[in-house]
Amino acid sequence: MEKPVQKNENSALSSCFEWVSMMIFALVTVTLVFALLFRVVGVSGDSMKNTLQDGDRLVLVTQLYKIERGDIIVVTREGEEPYIKRVIAVAGDTIDIDDENGLVLLNGKAMKEDYVAGGFTPAFEFEGPYTVKDGEVFAMGDNRMWSLDCRQLGAFSTDEIAGEAVFRLFPLETIGKI
């Protein structure tokens with residue numbers, strides 16, 4: 001005859017094993033999702049001020065995203081530090097810069113860019129107008145006076161895009177969607 005105490009011990013052991021199994025499954029699932037779909041990156045420099053600050057930590061979606069105007073992307077080029085920039089124009093768009101007034105012209109119309117630090121965009125070496133080709137994006141930093149971007153480097157290939165920045169993890173007082 002089986003003692004009720006043994007049944008309770010087996011039940012408790014079984015529940016503990018089930019709980020540990022679920023925790024391991026959850027940990028493996030989260031690890032795989034982050035390894036395959038997301039990446040955490042750090043901001044280095046001031047080219048995206050005031051939107052992003054030096055030292056911010058961001059979650060980057062590395063798969064299953066569609067780049068659109070206004071998205072913040074990370075671009076990696078062979079032998080260079082990654083660039084974090086805002087997409088200004090996509091394939092088919094024509095971009096120009098009115099250097100006298102510091103305005104970006106998208107398809108012939110001045111863009112409203114409240115996020116630009118100082119509100120002025122110098123052309124630097126950019127000679128427009130430029131029509132973005134298929135497989136390219138035109139991106140610039142929000143701190144236009146101090147940003148090395150497509151004005152100097154030319155359009156970025158979509159193959160160079162490591163992902164889209166979607167969430168700020170750190171510092172904690174600014175945690176949230178970008």
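**Exercise 1. Classify L64 by its accessibility, then examine its backbone.**

Step 1. L64 counts as exposed, because its relative accessibility is 80%. The cut-offs are under 20% relative accessible area for buried, over 50% for exposed, and partly exposed in between (1.4 Å probe, protein chains only).

Step 2. Place the residue. L64 sits in the loop between β2 (57–61) and β3 (72–75). Strands here are DSSP runs of E with at least two residues, helices are runs of H or I with at least four, and both are numbered from the N terminus.

Step 3. Check phi. L64 is not a glycine, yet its phi is positive, about 55°. Most residues other than glycine have a negative phi, and most peptide bonds are trans.

A note on the source: this is a predicted model, in which local features need pLDDT of at least 70, side-chain atom pairs count only at pLDDT 80 or more, and totals for chains, interfaces and linings use all residues. Residues are numbered from 1 along each chain as its sequence is written, and side-chain values use heavy atoms, with hydrogens and water left out.

**Exercise 2. Work through the neighbours L106 and N107.**

Step 1. Start with L106. This residue belongs to strand β6. L106 is buried because its relative accessible area is 14%.

Step 2. List its contacts, meaning heavy atoms within 4.5 Å. Leaving out residues up to four places away in sequence, L106 touches R69, I88, A89, D93, T94, I95 and M111.

Step 3. Compare sequence with space. L106 and E125 are 19 residues apart in sequence; C-alpha to C-alpha they are 18 Å apart.

Step 4. Move to N107. It lies in the loop between β6 (103–106) and β7. N107 has a positive phi of about 55° and is not a glycine. N107 counts as partly exposed, because its relative accessibility is 41%.

**Exercise 3. Find the cis peptide bonds at P129 and P171.**

Step 1. Take P129. The bond from G128 to P129 is cis, and its omega is near 0°. P129 lies in the loop between β7 (109–110) and β8 (130–131).

Step 2. Take P171. F170 and P171 are joined by a cis peptide bond with omega about 5°. The loop between β11 (161–170) and β12 (176–177) holds P171.

**Exercise 4. Describe the overall fold and dimensions.**

Step 1. Count the elements. The protein chain has two helices and twelve strands. Their order along the sequence is α-β-β-β-β-β-β-β-β-β-α-β-β-β.

Step 2. Compare the radius of gyration with the globule rule. The protein chain has 24 Å, whereas a compact globule of 178 residues would have a value near 16 Å. The radius is taken over C-alpha atoms, and the rule is 2.2 Å times the number of residues to the power 0.38.

Step 3. Read the spans. Along the principal axes, the C-alpha trace covers about 95 × 35 × 30 Å.

Step 4. Assess burial and contact range. Of the 178 residues, 37% count as buried. Among contacts between residues at least 6 apart in sequence, 56% join residues at least 24 apart.

**Exercise 5. Which cysteine is buried, C16 or C150, and how many disulfides are there?**

Step 1. C150 is buried, because its relative accessible area is 2%.

Step 2. C16 counts as partly exposed, because its relative accessibility is 44%.

Step 3. The structure holds zero disulfides. A disulfide is a pair of cysteine sulfur atoms within 2.5 Å.
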